[in-house]
Amino acid sequence: MGTQVRELYLSVADTAAKLLAAPEVSGGWHQPSALPKLSVQGLAGHLAGQVFFIPMMLAEPAPSEPAISIHEYYAQVSWIGSDLDTPFNQAIRSGGEDEAADGPAALAARVAACVEELRGTLRTAPDRLVRRPTWGPWSITFDDFVTSRLLELVVHSDDLAYSVGLPTPEFPAQAVETVVDLLSRIALRRHGATDVLRALSRAERAPASISAL
């Protein structure tokens with residue numbers, strides 16, 4: 001899975017880089033995005049961050065905390081379903097704005113350069129453990145972290161495209177399947193088996209939402 005998910009990530013990251021360079025994104029830069037309390041600039045910066053995270057994590061020393069699976073990771077994080085005004089979500093919004101502070105052209109160029117660099121480094125990077133300081137006393141494998149950034153890139157590329165009136169980019173089928181598998185498992189934890197089963201099979205008694213995030 002490691003080699004495959006890295007190749008999928010590179011393909012999706014390249015598509016996200018092209019989206020960030022679209023004139024529609026720069027044209028709507030200071031407008032509200034499709035996400036509450038987040039401008040197009042902030043959303044673009046957050047999307048770009050999912051590319052910048054990879055070399056940053058590779059540069060960090062390996063953690064000593066025990067590893068958990070990617071599904072356990074999503075069960076542990078506190079931001080899923082959290083209020084928009086929590087300090088974490090406020091930091092996400094301000095971080096996105098700051099990341100994109102130099103404007104759309106500069107951000108798109110940085111992302112394109114980072115993707116190009118990752119074409120060499122990502123394929124040969126060891127599958128070591130990684131950890132962010134906001135997590136609990138655990139770590140995940142690097143390939144699982146790449147998978148989590150794949151989810152972020154796919155979801156937020158759709159958000160950004162919708163925000164500026166563009167069609168959602170086309171991604172490799174395996175990338176979408178990987179993301180949908182993760183989202184389905186999160187939705188099961190949030191909403192329970194019955195609601196998810198009905199949403200996927202019985203429109204007449206489906207719940208209003210089984211949103212994973």
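The following exercises, each with a worked solution, concern a predicted model.

**Exercise 1. The packing of α3 and α5**

Task: Determine which relative orientation helices α3 and α5 adopt, and which residues make their contact.

Solution.
Step 1. Two packed helices are described by the angle between their axes and the distance between the axes.
Step 2. For α3 and α5, the angle is about 85° and the axes lie 7 Å apart.
Step 3. Angles of 65 to 115 degrees count as roughly perpendicular, and α3 and α5 are therefore roughly perpendicular to each other.
Step 4. On the α3 side, the contact is made by Gln41, Gly42, Gly45, His46 and Phe52; on the α5 side, by Ile92, Gly96, Glu97 and Glu99.
Step 5. Sorted by class, the residues of this contact are two nonpolar, five polar and two charged.

**Exercise 2. The packing of α8 and α9**

Task: Classify the crossing of helix α8 with helix α9 and describe the residues in contact.

Solution.
Step 1. Helix α8 spans residues 173–191, and helix α9 spans residues 193–201.
Step 2. Their axes come within 7 Å and cross at roughly 130°.
Step 3. This angle makes α8 oblique to α9.
Step 4. Helix α8 contributes Ala187, Leu188 and His191 to the contact, while α9 contributes Ala193, Asp195 and Val196.
Step 5. The contact of α8 with α9 comprises four nonpolar residues, one polar residue and one charged residue.

**Exercise 3. The largest pocket**

Task: State how much space lies in the largest pocket, and establish which helix supplies the largest share of its lining.

Solution.
Step 1. Rolling a probe the size of a water molecule over the atoms shows where empty space is left.
Step 2. The largest pocket holds about 1100 Å³ of space.
Step 3. It is lined by 38 residues, of which His46, Trp79, Phe88, Asn89 and Ile92 are the closest to its centre.
Step 4. At least two lining residues come from each of α3 (40–59), α4 (70–76), α5 (87–99) and α7 (142–163).
Step 5. The largest share belongs to α5, with eight residues.
Step 6. By class, the lining has 18 nonpolar, 14 polar and six charged residues.
Step 7. Two residues close to the pocket centre, His46 and Ile92, also take part in the contact between α3 and α5.

**Exercise 4. Residues in loops**

Task: Decide whether Ser139, Lys37 and Pro167 are buried or exposed.

Solution.
Step 1. Ser139 is placed in the loop between β1 (129–130) and β2 (140–141). Its relative accessibility is 0%, so Ser139 counts as buried.
Step 2. Beyond its neighbours within four places in sequence, Ser139 is in contact with Pro63, Glu65, Pro66, Ala67, Ile68, Leu129, Val130 and Arg131.
Step 3. Lys37 lies in the loop between α2 (23–27) and α3. With 53% relative accessibility, Lys37 counts as exposed. Although Lys37 is not a glycine, its phi is positive, at about 65°.
Step 4. Pro167 belongs to the loop between α7 and α8. At 65% relative accessibility, Pro167 also counts as exposed.

**Exercise 5. Distances along the chain and in space**

Task: Give the separation of Ala91 from Arg202 and of Pro167 from Asp98, and assign Ala91 to an exposure class.

Solution.
Step 1. Ala91 is located in helix α5. Its relative accessibility of 45% means that Ala91 counts as partly exposed.
Step 2. Between Ala91 and Arg202 there is a sequence separation of 111 residues and a C-alpha to C-alpha distance of 39 Å.
Step 3. Pro167 and Asp98 are 69 residues apart along the chain, and their C-alpha atoms are separated by 26 Å.

Terms used. Residues numbered from 1 in each chain as written. Predicted model: local features only at pLDDT ≥ 70, side-chain atom pairs only at ≥ 80, totals over all residues. Heavy atoms only, no water. Axes fitted to C-alpha atoms, helices over the stretch in contact; angles between N-to-C directions. Helix = DSSP H or I, 4+ residues; strand = E, 2+ residues; numbered from the N terminus. Parallel < 35°, antiparallel > 145°, perpendicular 65-115°, else oblique. Contact = heavy atoms within 4.5 Å. Nonpolar A, V, L, I, M, F, W, Y, C, P; charged D, E, K, R; others polar. 1 Å grid on protein atoms, 1.4 Å probe; cavity = no way out; pocket = protein on both sides within 12 Å on 5 of 7 lines; lining within 4 Å. Points joined across faces, edges and corners; volume = space filled by probe spheres on them. Buried < 20%, exposed > 50% of the residue type's maximum accessible area, 1.4 Å probe, protein only.
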